[in-house]
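Subject: Structure for you to look at

Hello,

Here is the structure I said I would pass on. Please open it first and then read the notes below with it on the screen.

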Amino acid sequence: MNIKIGITSENIAEIKDGCIAIAFFEDRLNLNKDIEKLDSALDDAIKNSITNKLFRAQTDEIKTSYLKNQGIKCIALIGLGKEKEFNLNKLMDSVSNLSKKLRAMDIKSFSIYLDSFSNRNFEFNAYLEKITQAVALSLYQFTKFKTKDLDKIKKIDEVTIIVDKNNYDKASRIADEAMIYAEAVNKTRDLINTPPNIATPEYVANYAKEIARKNGLKFTVLDESQIEKLGMECYMAVARASVNKPRMFILEYKGNNNEKPIVLVGKGLTYDTGGINTKPANYMANMKDDKSGACSVIHIMEACAKLKPKVNVIGIGVMAENAISGNAYKPDDVLKSYSGITVEVIHSDAEGRMVLADALAYSLKFNPKAIVDIATLTGAAIVALGYFASPIMGNDEKLINSIKKASEKSLEKVWQFPLWDEYEELIKSDVADIKHLNSDIDAGSIIGGIFLKHFVKDTPWAHIDIGGAAWAKQEKSYKPKGATGFGVRLLLDFLREQ
Ligand code: BES
Ligand code: ZN
Ligand code: ZN
């Protein structure tokens with residue numbers, strides 16, 4: 001990654017850097033001995049800010065002051081609000097806003113005084129992890145395709161976290177792990193943000209192959225003729241109208257010799273025009289993000305190779321482009337899925353569930369102990385939960401609960417939707433076994449789940465619909481505008497708890 005995060009146990013008063021950031025709780029505005037010492041070298045800049053109420057340490061408050069003739073050029077005071085009301089979301093927001101503010105000031109490197117974040121609600125590990133991730137995630141920029149004024153792009157090269165000597169080893173380990181997460185998220189964002197004329201199914205499959213080679217993961221890929229030969233008619237129906245031919249890739253990580261694997265399946269539509277039922281222009285924009293699930297899976301697998309959780313994981317990416325052509329699939333078509341179930345097509349823009357149906361059925365051949373799919377499946381996910389949380393549903397409460405637990409730890413929010421039998425009625429077909437959609441738009445995200453459920457048999461399965469969370473229209477906190485990389489931290493925390 002192009003930002004380095006290091007740990008030091010040097011005394012804060014000795015640090016030389018572009019800026020030192022120190023946090024305060026509103027109801028605990030005192031300086032410890034080390035800060036006192038630093039402050040006296042700064043002509044009491046901190047004390048004065050506090051006594052003159054220029055800084056009150058309220059949530060969202062960041063006060064920066066330039067200093068003259070010092071080994072540090074600037075001091076940043078961060079407000080964390082009331083200690084009782086403090087939480088890790090607020091922490092990530094504060095550190096993200098700090099990082100972006102210092103970058104805007106064209107500071108190249110800064111140090112964070114970790115001790116000032118210590119609080120009674122969270123352990124050292126938790127706040128150090130979140131601080132590290134917030135720095136690395138908030139400073140993400142996608143500039144690969146810019147050719148002009150590159151020298152005007154401001155960039156922070158290095159951030160140092162100042163810890164107590166006794167915590168040095170522990171802190172180094174936690175920060176390294178947190179950086180593996182952040183790197184996985186940022187690389188996921190990069191791949192999703194890569195435009196669809198470049199990031200074709202073949203490109204993403206080759207990218208995954210390269211990740212496998214570098215990290216010692218097993219790699220397999222199915223091309224168009226193999227997908228066709230296997231009888232994946234639902235997948236091929238979606239894929240065949242594009243000149244960019246489909247690929248299904250499989251990455252395998254072994255962290256436990258005897259256990260059945262957990263299979264992750266990612267939707268990988270490198271572009272979703274809607275097909276014959278073409279999307280209107282304003283809905284088609286940004287549909288390069290329809291490959292988000294598969295991009296997440298690739299980097300979750302890479303992070304597994306680095307973090308080495310004691311679990312076997314198989315990651316599948318189902319790549320295709322939903323295009324328009326004379327041979328495009330149409331409403332009223334009936335297709336035989338890989339599982340044997342026949343499917344009546346209602347709307348060509350509900351293509352995600354078609355490719356996933358075949359990939360989920362295929363994943364059963366690995367005899368998995370659980371399957372988790374992650375997919376930008378429905379716009380209805382936005383209607384229901386907005387842009388920061390994802391619907392989760394499935395056929396196994398235990399599996400869903402363990403993902404919910406990972407959600408609390410990772411701060412990537414999921415909310416369970418029901419897959420009640422009553423919904424089954426809505427996908428009954430007159431001509432085929434089932435249809436992939438109800439004719440109304442009622443319960444859009446749930447209907448997606450109800451359809452997919454048919455293809456996993458009795459295997460514990462969960463479906464995470466990132467239709468809302470994969471893409472940010474607006475920059476906020478540690479999420480830049482564009483691809484968010486949602487699901488990477490969530491599923492890594494899930495896998496590491498197995
Ligand atoms: N890729 C879209 C879902 C989507 C929409 C993701 C907006 C992110 C933002 C999916 O393939 C799709 O088009 N779904 C349709 C389903 C409909 C035809 C039942 C939708 O959500 O409108
Ligand atoms: Zn679609
Ligand atoms: Zn789609």
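Two strands count as paired if DSSP finds at least two bridges between them. In this model, which is a predicted one, two bridges join S12 to S16, and these strands run parallel. They belong to an open sheet of three strands, in the order S11-S12-S16, with mixed pairing. Strand S11 (334–336) and strand S16 (434–435) stand at the edges with a single partner strand each, so one side of each has no neighbour in the sheet. To find the S12 and S16 pair by residue, look for Val 343, which stands opposite Ile 434 in S16.

Next, the metals. Which residues give the protein donors of the zinc ion (ligand 2)? They are Asp 272 (OD), Asp 349 (O and OD) and Glu 351 (OE), at 2.0 to 2.2 Å from the ion. Along the chain these donors follow the spacing D-x76-D-x1-E. Asp 272 is in strand S9 (residues 262–272), while Glu 351 is in the loop between strand S12 (342–344) and helix H11 (352–363), so the pair links parts of the chain that are 79 residues apart. The site has six donor atoms, with angles of 73 to 169 degrees among them, and is irregular.

The zinc ion (ligand 3) has protein donors from Lys 267 (NZ), Asp 272 (OD), Asp 290 (OD) and Glu 351 (OE), lying 2.0 to 2.4 Å from the ion. In sequence, the spacing of these residues is K-x4-D-x17-D-x60-E. Here too distant parts of the chain are linked: Asp 290 is in the loop between helix H9 (281–284) and helix H10 (292–307), and Glu 351, in the loop between S12 and H11, is 61 residues away in sequence. Angles among the six donor atoms of the zinc ion (ligand 3) run from 78 to 172 degrees, and this site is octahedral.

How far apart are the zinc ion (ligand 2) and the zinc ion (ligand 3)? They are 3.2 Å apart, and Asp 272 coordinates both.

Are Asp 290 and Glu 351 buried or exposed? The cut-off for buried is under 20% relative accessible area. Asp 290 has 2% relative accessibility, so Asp 290 counts as buried. Glu 351 has 0%, so Glu 351 is buried as well. Asp 272 is also buried.

Then there is ligand 1, with 14 residues around it. Lys 279, Asp 290, Asp 349, Glu 351 and Gly 379 come nearest. Some polar contacts can be picked out:

- The side chain of Lys 267 has an N or O atom 3.2 Å from an oxygen atom of ligand 1.
- Asp 272 has a polar side-chain atom 2.9 Å from an oxygen atom of ligand 1.
- Leu 377 has a backbone N or O atom 3.5 Å from a nitrogen atom of ligand 1.

Taken alone, ligand 1 exposes 510 Å², and the protein buries 79% of that.

Last, a residue in a loop. Tyr 329 lies between strand S10 (313–322) and S11. The relative accessible area of Tyr 329 is 2%, so this residue is buried. In sequence Tyr 329 and Val 238 are 91 residues apart, but in space they are 6.5 Å apart, C-alpha to C-alpha.

Regards

How values were computed. Residues numbered from 1 in each chain as written. Chains lettered and ligands numbered in written order. Predicted model: local features only at pLDDT ≥ 70, side-chain atom pairs only at ≥ 80, totals over all residues. Heavy atoms only, no water. Donors = N, O, S within 2.8 Å, 3.2 Å for Na, K, Ca; no water. Tetrahedral: all angles 85-135°; square planar, octahedral: opposite > 155°, others 65-115°. Helix = DSSP H or I, 4+ residues; strand = E, 2+ residues; numbered from the N terminus. Buried < 20%, exposed > 50% of the residue type's maximum accessible area, 1.4 Å probe, protein only. Near = heavy atom within 4 Å. Polar contact = N/O pair within 3.5 Å; in protein donor to acceptor, adjacent residues only side chain to side chain. Areas by Shrake-Rupley, 256 points an atom, 1.4 Å probe, with all protein chains shown as cover.
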